[in-house]
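Got the model open in your viewer? Here's a walk through it, one selection at a time.

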Amino acid sequence: MSIHPQAPDTPAPERRPMTLPRLAEMKLAAEPVVMVTAYDHPSAEVAEAAGVDIVLVGDSGAMTVLGYDSTVPVGMEEMLMLAAAVRRGLRTPLLVGDMPFGSYESSDEQAVTNAQRFVKEAGCDAVKLERGGASVDRAAAIIRAGVPVMGHVGLTPQTAIALGGFRAQGRTATKAAAVAEDALALQAVGCFSVVFEAIPAAVTAALMPRMDRSLVIAIGAGSAADGQVLVFHDLLGIFGGHKPKFVKRYAELREEMVGGVGEYAREVREGAFPAPEHDYAIERDELEAFRRYLERDGRDQAFTGDWAATEI
Ligand code: KIV
């Protein structure tokens with residue numbers, strides 16, 4: 001239930017749920033695809049109202065909402081809980097669940113089981129996994145089992161330590177070729193999309209003509225891709241942690257939030273909140289009756305007032 005119902009003369013514009021064929025049409029028509037992360041019901045409602053095309057329940061939620069210091073510790077149960085909350089707030093964008101580290105690497109069976117949990121238990125439309133190599137086989141197995149897959153190459157935060165830290169990838173010809181091989185392998189097994197993270201814009205631009213089937217979504221990978229993704233808490237300035245070079249802030253909500261909570265704290269301490277307009281009223285004779293009840297001797301006598309009818 002919304003506490004701010006829409007005025008009847010401003011109906012929300014009708015939008016149809018996003019589909020994979022529609023995304024493929026957008027790629028063909030060079031219509032930029034907008035993706036954002038979300039981790040809970042309010043952020044999903046914001047993404048819905050803003051009209052984005054794809055919502056990713058990213059494992060970045062480990063850091064942005066769960067307080068871990070990397071994406072590595074987050075588990076399936078936590079990701080499913082976040083994804084289910086997002087599902088309840090979304091109607092039109094495609095919903096992608098991010099498979100956490102340790103949920104798909106061991107075997108095809110493990111990967112399929114956990115991908116299907118995102119669909120069955122959280123209502124996701126697709127899943128995302130990181131890296132090339134063995135992840136390409138896992139992606140193929142998940143797709144064969146009927147779940148669309150988004151790949152993720154370049155900087156892959158789940159294995160950032162193995163990559164030498166959180167740094168741009170593909171900055172030499174050899175390393176760019178390695179990124180390209182991963183991306184092309186993910187495309188070849190049928191990933192509907194591949195995220196390119198933190199690679200030179202010129203590498204993305206050079207590779208795009210070869211990425212003719214998978215939708216390329218960039219984050220710190222230039223404007224030649226089919227679409228862009230940013231982390232909700234980064235773009236709105238909610239997350240207080242490290243801000244990568246590729247993040248653009250479109251709002252500074254953390255400052256606003258600290259300001260708002262600080263103002264509330266000040267008013268409570270000064271006795272300015274709550275004010276009379278925040279109070280509930282009681283009829284004068286009911287209040288008198290209540291006062292007599294409190295003053296009465298012999299409290300063991302039952303009070304006969306109608307408590308259930310008290311308006312709250
Ligand atoms: O977890 C995440 O938010 C991501 C995006 C940055 C693509 O993987």
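## Starting at the pocket

Before selecting anything, keep in mind that this is a predicted model. Sorted by class, the residues lining the largest pocket come out as 19 nonpolar, 11 polar and 10 charged. The volume of this largest pocket is about 880 Å³. Its lining has 40 residues, and the ones closest to the pocket centre are Leu 155, Phe 166, Glu 197, Pro 244 and Phe 246, so select those five next. Then colour strand E1 (33-37), helix H3 (61-64) and strand E6 (193-197): these are the elements that give two or more residues to the lining.

## The barrel

Switch to a cartoon view and pick out the strands. In what order do the strands close into a barrel? There are 8 of them, running E1-E2-E3-E4-E5-E6-E7-E8, and the pairing is parallel. From one strand to the next, the twist averages 25 degrees.

Now go to E1. Of its 5 residues, 4 are buried, leaving the strand mostly covered. E1 pairs with strand E8 (residues 227-230) in the parallel sense, over 4 bridges. To see one of those partnerships, select Val 34 and its bridge partner in E8, Gln 228. E1 also pairs with E2, again in the parallel sense, over 3 bridges. Show Thr 37 here, and you'll find Leu 56 of E2 standing opposite.

Move along to strand E2 (residues 54-57) and strand E3 (residues 94-98), a parallel pair with 4 bridges. Ile 54 is a handy residue to click on, with Leu 94 as its bridge partner in E3.

## Strand E6 and its neighbours

Select E6 next. Is this strand enclosed or open, and why? All 5 of its 5 residues are buried, so E6 is largely enclosed by the rest of the structure. Turn on side chains and look at which way they go: Ser 193, Val 195 and Glu 197 point one way, while Val 194 and Phe 196 point the other way, and all are buried. You've already met Glu 197, as one of the residues closest to the centre of the largest pocket.

Add E5 to the selection. E5 and E6 pair in the parallel sense over 5 bridges, and one residue to label is His 152, whose bridge partner in E6 is Val 195.

Now bring in helix H7 (residues 173-188). H7 lies across strand E5 (149-154) and E6, and runs at about 175 degrees to E5. Pick Ala 177, which is found in H7. Ala 177 is partly exposed, with a relative accessible area of 35%. If you draw a distance from its C-alpha atom to that of Val 153, it should come to 12 Å, for residues 24 apart along the chain.

## Under cover at helix H6

Select helix H6 (134-144). Its buried residues are Ser 135, Val 136, Arg 138, Ala 139, Ala 140, Ala 141 and Ile 142. What covers these buried residues? The cover includes helix H5 (108-122), E4, E5 and H7. Step just past H6 and you reach Gly 146, with a positive phi near 100 degrees.

## Backbone oddities

Time to look at some torsions. Most residues other than glycine have a negative phi, and most peptide bonds are trans. The next three stops are on loops.

- Arg 131 isn't a glycine, yet has a positive phi of about 80 degrees. Find it in the loop between strand E4 (126-128) and H6. Its relative accessibility is 31%, so Arg 131 counts as partly exposed.
- Ala 198 is another residue other than glycine with a positive phi, near 50 degrees. Look in the loop between E6 and helix H8 (201-207). At 7% relative accessibility, Ala 198 counts as buried, because the cut-off is under 20%.
- Phe 273 and Pro 274 are joined by a cis peptide bond, with omega at about 0 degrees. Pro 274 sits in the loop between helix H10 (253-270) and helix H11 (284-295).

Note on methods. Residues numbered from 1 in each chain as written. Predicted model: local features only at pLDDT ≥ 70, side-chain atom pairs only at ≥ 80, totals over all residues. Heavy atoms only, no water. 1 Å grid on protein atoms, 1.4 Å probe; cavity = no way out; pocket = protein on both sides within 12 Å on 5 of 7 lines; lining within 4 Å. Points joined across faces, edges and corners; volume = space filled by probe spheres on them. Nonpolar A, V, L, I, M, F, W, Y, C, P; charged D, E, K, R; others polar. Pairing = 2+ DSSP bridges. Axes fitted to C-alpha atoms, helices over the stretch in contact; angles between N-to-C directions. Contact = heavy atoms within 4.5 Å. Buried < 20%, exposed > 50% of the residue type's maximum accessible area, 1.4 Å probe, protein only.
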